[in-house]
Amino acid sequence: MNYTPEQILANPFLNKGAAFTKEERNELGLNGLVPPAVLTLDQQVKRTYAQYQTKVNDLEKRLYLMDIFNTNTVLFYKLFSEHVAEFMPVVYDPTIADTIENYSALYLQPQNATYLSIDDQDNMEAAIMNSANGRDIRLIVVTDAEGILGIGDWGTQGVDIAVGKLMVYTAAAGIDPSQVLPVVLDAGTNNKALLDDDLYLGNRHERVYGDKYHAFVDKFVEIVERRFPNLYLHFEDFGRSNAAEILNRYKDKITTFNDDIQGTGIIVLAGLLGALNISKQKMTDQVYLSFGAGTAGAGITSRIYEEFIQEGMSPEEAKKHFYMVDKQGLLFDDMTDLTPEQKPFARSRSEFSNPDSLTNLEAVVKEIHPTILVGTSTVPGTFTESIVKEMAAHTERPIIFPLSNPTKLAEAKAEDLIKWTDGKALVATGIPAADVDYNGVTYQIGQANNALVYPGLGLGTIASTAKLLSDSMISAAAHSLGGIVNTDAPGAAVLPPVTKLDAFSQTVALAVAKQAVADGLNKEEIKDVEKAVADMKWVPEYQPLNNITVNKEG
Ligand SMILES: NC(=O)c1ccc[n+]([C@@H]2O[C@H](COP(=O)([O-])OP(=O)(O)OC[C@H]3O[C@@H](n4cnc5c(N)ncnc54)[C@H](O)[C@@H]3O)[C@@H](O)[C@H]2O)c1
Ligand SMILES: O=C(O)C[C@H](O)C(=O)O
Ligand SMILES: [Mn+2]
């Protein structure tokens with residue numbers, strides 16, 4: 001490729017800032033365009049981390065990091081890799097919710113994202129190819145932003161979730177950042193505040209549904225599959241009425257993944273396996289209650305149900321262990337507004353003496369005595385003290401996962417759950433939670449966020465050249481996280497800590513890639529799975545700028 005010196009400095013994949021060597025400055029025409037001293041990457045990391053620490057809040061910190069991301073990819077990921085646990089809540093959830101809500105107001109730079117509009121489909125292919133800019137794209141995170149975390153519909157502004165999820169892929173699993181593309185499908189928005197905001201950067205009309213919407217998604221998938229034949233296509237934060245339908249449409253045809261349905265299912269299963277290791281109980285003895293049976297809630301339930309079947313239980317027996325509560329209360333099979341994903345788990349009224357009173361979580365908990373309660377309702381504070389105490393009265397180690405994100409939407413705080421149950425609850429939260437000191441024990445709180453597994457899952461799938469993401473690969477991912485935590489230590493977490501994210505992403509990747517090869521799903525021959533995974537790993541180090549020619553003056 002042919003560049004001017006200014007283009008090299010403006011390209012975050014090429015720019016090294018003050019770390020360009022004397023030779024590079026001579027060859028690339030950079031003399032005088034950067035300050036005279038030559039710094040090392042480590043010095044740049046030291047400087048930027050010191051600057052980072054002067055920022056007064058997480059939003060300011062994120063904006064500063066994004067500045068580095070926009071100017072120097074290697075520096076950004078080197079810095080991130082040295083502070084993974086500290087940066088995760090800043091780069092990703094929960095701070096990312098603030099940047100999504102304020103995206104149009106904060107906008108400075110597209111951050112290599114691709115913006116696709118339902119109103120401009122003739123230019124879709126050109127838009128994708130323009131942003132790929134000749135790069136070999138292996139991974140796309142796409143959102144239509146109808147269901148961003150629990151904060152709802154954010155239209156084009158939701159693009160930040162695609163950017164953020166991809167940053168975690170690279171920081172956690174070493175996915176090459178030059179091989180990824182964040183994409184937003186702008187099909188309109190039903191967010192009135194955005195439609196009324198004169199600075200809003202997206203399409204100013206209501207969200208399109210139905211055939212026209214699906215034709216838009218189909219067209220996008222057709223283009224990216226044709227243009228990038230080795231693609232892993234990750235769907236994020238689609239609305240409840242579209243997410244599962246899109247997954248079902250494509251999962252047996254292309255290498256694709258829905259993070260909210262499948263990723264969340266994996267991390268919750270891994271968390272439950274961890275919790276049951278601590279309590280020394282069996283999965284098939286548990287009574288499972290899903291509170292907020294939407295995209296994530298139903299995706300998780302289905303994964304746990306599959307685990308019951310895998311452990312040898314019959315479908316009829318297994319179904320008896322599952323209950324769903326949504327806005328209507330306990331879901332019954334005579335309700336006319338059930339989603340296709342809720343239907344298999346809806347109960348019959350004839351099972352209960354008082355079915356018409358089971359219209360809220362408290363009544364249901366009293367009636368069914370769940371041993372596992374998972375919240376994906378987006379309604380904060382709904383796991384109340386009286387509900388939690390009622391649950392704890394009927395099971396020795398209640399497993400309680402309030403998973404709604406961001407922080408302000410969580411069904412309960414970890415600290416309260418530990419206190420209300422006198423230290424008995426086995427807890428995981430969606431966002432990071434501080435240790436809880438209670439009665440002389442320090443309880444570590446696992447983070448059941450799909451970010452703990454989707455990077456490894458993606459790396460393993462891509463490295464194995466799998467043509468599909470199969471159920472057995474998904475199950476292998478969930479089971480691979482067991483054994484990392486010492487579950488006998490007092491107050492042990494149900495999941496491994498985010499500080500080890502890079503290490504266990506490799507564990508997940510290896511398990512997934514092995515399963516893909518065992519199932520014969522690999523498109524290319526793979527003799528050594530470990531090597532295939534290791535070879536995929538990108539590390540943040542400056543490389544010589546080969547294959548670059550420069551137009552320089554004089
Ligand atoms: N920790 C994680 O990894 C993770 C992953 C995915 C989603 N989530 C969180 O889960 C939440 C839900 O996400 P989603 O994508 O499933 O959204 P969704 O809109 O598909 O599902 C939310 C469900 O909650 C139900 N609900 C709303 N109000 C309720 C109430 N008062 N009582 C009971 N149910 C109620 C809705 O009807 C819907 O079925 C979000 O906050 C999201 O951040 C967390
Ligand atoms: O983005 C997250 O933090 C997890 C999850 O995908 C969500 O939608 O909440
Ligand atoms: Mn999500």
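Two residues are in contact here if their C-beta atoms, placed from the backbone, lie within 7 Å. With that in hand, a good place to start in this predicted model is Asn 405, which touches Asp 93, Pro 94, Leu 149, Gly 150, Gly 430 and Ile 431, leaving aside residues up to four places away in sequence. Asn 405 sits in the loop that runs between strand S11 (399-402) and helix H19 (414-420). It may be in a loop, but Asn 405 counts as buried, because it has 22 C-beta neighbours inside 10 Å.

Asn 405 has a partner in the records: an unreviewed UniProt entry carries the annotation "binding site" for Asn 405 and Asn 449. The two span 45 residues in sequence, yet their C-alpha atoms are no more than 9.2 Å apart, so they gather at one spot. Asn 449 is also found in a loop, this one between strand S15 (446-447) and helix H20 (454-463). With 24 C-beta neighbours inside 10 Å, Asn 449 counts as buried. Its contacts, again without residues up to four places away in sequence, are Asp 93, Ile 267, Gly 430 and Ile 431.

Next come the ligands. Around ligand 2 are Asp 93, Leu 149, Asp 237, Asp 259, Asp 260, Asn 405, Asn 449 and Asn 450. Sorted by class, that shell holds one nonpolar, three polar and four charged residues. Ligand 1 is surrounded by 29 residues, and the closest are Gly 150, Gly 292, Gly 294, Asn 405 and Gly 430. Here the classes work out as 10 nonpolar, 15 polar and four charged residues. Helix H14 (259-279), helix H15 (295-310) and strand S8 (322-326) each chip in at least two residues to the shell around ligand 1. Both domain 2 (85-239) and domain 3 (262-449) give residues to this shell, so ligand 1 lies between them.

Those two domains belong to a wider layout: the chain is divided into domain 1 (1-82 + 546-554), domain 2 (85-239), domain 3 (262-449) and domain 4 (452-532). The C-alpha centres of domain 1 and domain 2 lie 26 Å apart. Where these two meet, the contact takes 12 residues from domain 1 and 13 residues from domain 2. On the domain 1 side, helix H4 (58-71) and helix H5 (73-82) each supply at least two residues. H4 gives the largest share of that side, seven residues. By class, the domain 1 side splits into six nonpolar, three polar and three charged residues.

Note on methods: Residues are numbered from 1 along each chain as its sequence is written. Chains are lettered from A and ligands numbered from 1 in the order in which they are written. This is a predicted model: local features need pLDDT of at least 70, side-chain atom pairs count only at pLDDT 80 or more; totals for chains, interfaces and linings use all residues. A residue is near a molecule or strand if its C-beta atom, placed from the backbone, lies within 6 Å of it. Helices (H or I, at least four residues) and strands (E, at least two) are DSSP runs, numbered from the N terminus. Ala, Val, Leu, Ile, Met, Phe, Trp, Tyr, Cys and Pro count as nonpolar, Asp, Glu, Lys and Arg as charged, and the others, Gly among them, as polar. Domain bounds come from an automatic or database domain assignment. UniProt positions are given in the numbering used here, feature names are shortened, and annotations may be inferred rather than shown by experiment. A residue is buried if 20 or more other C-beta atoms lie within 10 Å of its own, exposed if 12 or fewer, and partly exposed in between; C-beta atoms are placed from the backbone.
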